[in-house]
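Work through these exercises with the structure in view. Try each task before you read its solution.

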Amino acid sequence: MANLPDESFRDSIGTIDKEGKRAWVFPKIPKGKWYDRRKWVSYLLLLFLFAAPFIKINGNQFLLFNVIDRKFNIFGFPFWPQDFYLFVITMIIGVVSLTLFTVAFGRIFCGWICPQTIFMEMVFRRIEFWIDGDRGAQIKLNKQAWDAEKIRKRVTKWIIFFIISFLIANIFLAYVIGSHELIKMVTEGPAHNTSTLIALLIFTAVFYFIYAWFREQVCIIACPYGRLQGVLLDNKTIVVAYDHKRGEAENGRAKFKKNEDRAALGKGDCIDCHQCVNVCPTGIDIRNGTQLECVNCTACIDECDFIMESVNLPKGLIRFASEDEIVKKEKFVFTTRMKGYVAVLTILTGIFIGLLFLRNDVQATVLRLPGQLFEHKGDKISNVFTYKIVNKTVKDFDHVHFKLANIKGEIKVVGKPVFKVKKEALAQGTLFIEISPALLKGDKTKVKIEVYDGDLLLETTTTNFLGPRSFN
């Protein structure tokens, strides 16, 4: 008689015990081909994460998320507040892409690409293995009295964790305020940047709390992406899965015995060694099926393959597979649902590319001063306007001036008629437009204004010019 599946895992998460207290996870050191691949991916992503704020393309930081000044750079492409619609579309494209990837391949993003997992498993966890030892040594140390050895190891680990958290906080700050500002603050010293230092220490404390204590709870409790699995995954999604058909067979899993014909006895290939559970960084039993806590890190695949090889059984008891592949032996198919996501993604990408081509590096706005009508100035009608010119480029425009394009008249800028607009800056002011009444078309005439830097046309904008009704 096959073992009945244990369904109790559905009533609670693996890191909470029966009394509702935190069940600390002490994972075994992972080893194997999938872990080696994940290390290479993680190291490349860590290199990118640390380098991205310091890479410049056409003078723009490669990645910048300056919420304070409302300026964002995505892959060296600057987004200003006026480009917020582009930024929103970019985020929607990212969400749809991640959704499509999840529907097809499960939560691989969490185990292989997510910065939280990369830092936890490839930086902090590896330091912990180096100081505290493997799973058994860590459990022993945790139960051990606070003697000299435990104090030395704990303090050493905490200091290293704090230093790395401080470094991550600095990199995080570089993404927010810009790497040039960060370098400037570092060279000036903390005495000249007390408020920034306080913010930096707060973020350091947050990162330290996450990686020293909260850990896998971020993926299980805090991250909304993990909660979306219930609506994104289906039986055709490829995930890290336990082949229960092969593992349980007719009479369920059983301990390994030498020279035993397990197939003849109806025993499954799972020898119930619990190594897949011991190596899991979120403390789950993958044999219970796809679970909220699983981040598809593949540690259980490596461990199970090693055990299967040791006992002369075929590898792949735990592998990347869909439920339909395990139960019905169906291969991966590109479902209608996935095609729908691809269609939406294609449309959004097309819209985004089209809007990028329509986007100007210089944006000019000329608006009539609220509450002001027109006035007579000699034989001309005069209107007063305010103007704003946004320079989104990384070069200065030194000789900016205005011209009327579709009607004869004169533009008088309050101040200098020719002015400078600095790189990545906003210039604003007041101007008067004077036009002969004979040229006006009714009480409201649309005028086209061209903005030049010397002889170079930067931007064209329109506004309404008011005149008396008698000139219709």
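**Exercise 1.** In which sense do β3 and strand β4 (residues 71–74) pair, and over how many bridges?

*Solution.* Start with the ground rules. This is a predicted model, where local features need pLDDT of at least 70, side-chain atom pairs count only at pLDDT 80 or more, and totals for chains, interfaces and linings use all residues. Residues are numbered from 1 along each chain as its sequence is written, and side-chain values use heavy atoms, with hydrogens and water left out.

Step 1: know the terms. Helices (H or I, at least four residues) and strands (E, at least two) are DSSP runs, numbered from the N terminus. Two strands pair if DSSP finds at least two bridges between them.
Step 2: apply them. β3 and β4 pair in the antiparallel sense, over four bridges. Asparagine 66 has lysine 71 of β4 as its bridge partner.
Step 3: widen the view. The strands belong to an open sheet of three, in the order β3-β4-β5, with antiparallel pairing. β3 (63–66) and β5 (77–79) are the edges; each has a single partner strand, so one side of each lacks a neighbour in the sheet.
Step 4: add the angle. Neighbouring strands here are turned by 25 degrees against each other on average, direction ignored. Such axes are lines fitted to C-alpha atoms (for helices over the stretch in contact), and angles run from 0 to 180 degrees between N-to-C directions.

**Exercise 2.** Find the strand order of the open sheet of four strands.

*Solution.* Step 1: read the order. It is β13-β11-β15-β16, with antiparallel pairing.
Step 2: find the edges. β13 (419–421) and β16 (456–466) each have a single partner strand, so one side of each is left without a neighbour in the sheet.
Step 3: take the angle. On average, neighbouring strands of this sheet are turned by 35 degrees against each other, direction ignored.
Step 4: zoom in on one pair. β15 (residues 444–453) and β16 pair in the antiparallel sense over ten bridges. Lysine 446 stands opposite asparagine 464 in β16.

**Exercise 3.** How many disulfides are there?

*Solution.* Step 1: set the rule. A disulfide is a pair of cysteine sulfur atoms within 2.5 Å.
Step 2: count. The result is zero disulfides.
Step 3: check cysteine 219. Its nearest cysteine sulfur, that of cysteine 114, is 6.1 Å away.
Step 4: check cysteine 223. Its closest cysteine sulfur is in cysteine 110, at 5.6 Å, too far for a bond.
Step 5: compare exposure. Buried means under 20% relative accessible area, exposed over 50%, partly exposed in between (1.4 Å probe, protein chains only). Cysteine 219 counts as buried at 10%. Cysteine 223, with 25%, is partly exposed.

**Exercise 4.** Why does the span of helix α14 (residues 299–310) agree with the expected value?

*Solution.* Step 1: state the formula. The expected span of a helix is 1.5 Å times one less than its number of residues.
Step 2: apply it. For the twelve residues of α14 this should give 16 Å, and the end C-alpha atoms are 17 Å apart, which agrees.
Step 3: look at the cover. Nine of the twelve residues are buried. Among them are Ala299, Cys300, Ile301 and Met308.

**Exercise 5.** Is aspartate 396 buried, partly exposed or exposed?

*Solution.* Step 1: locate it. Aspartate 396 is in the loop between β10 (380–391) and β11 (397–404).
Step 2: classify it. Its relative accessible area is 33%, so aspartate 396 is partly exposed.
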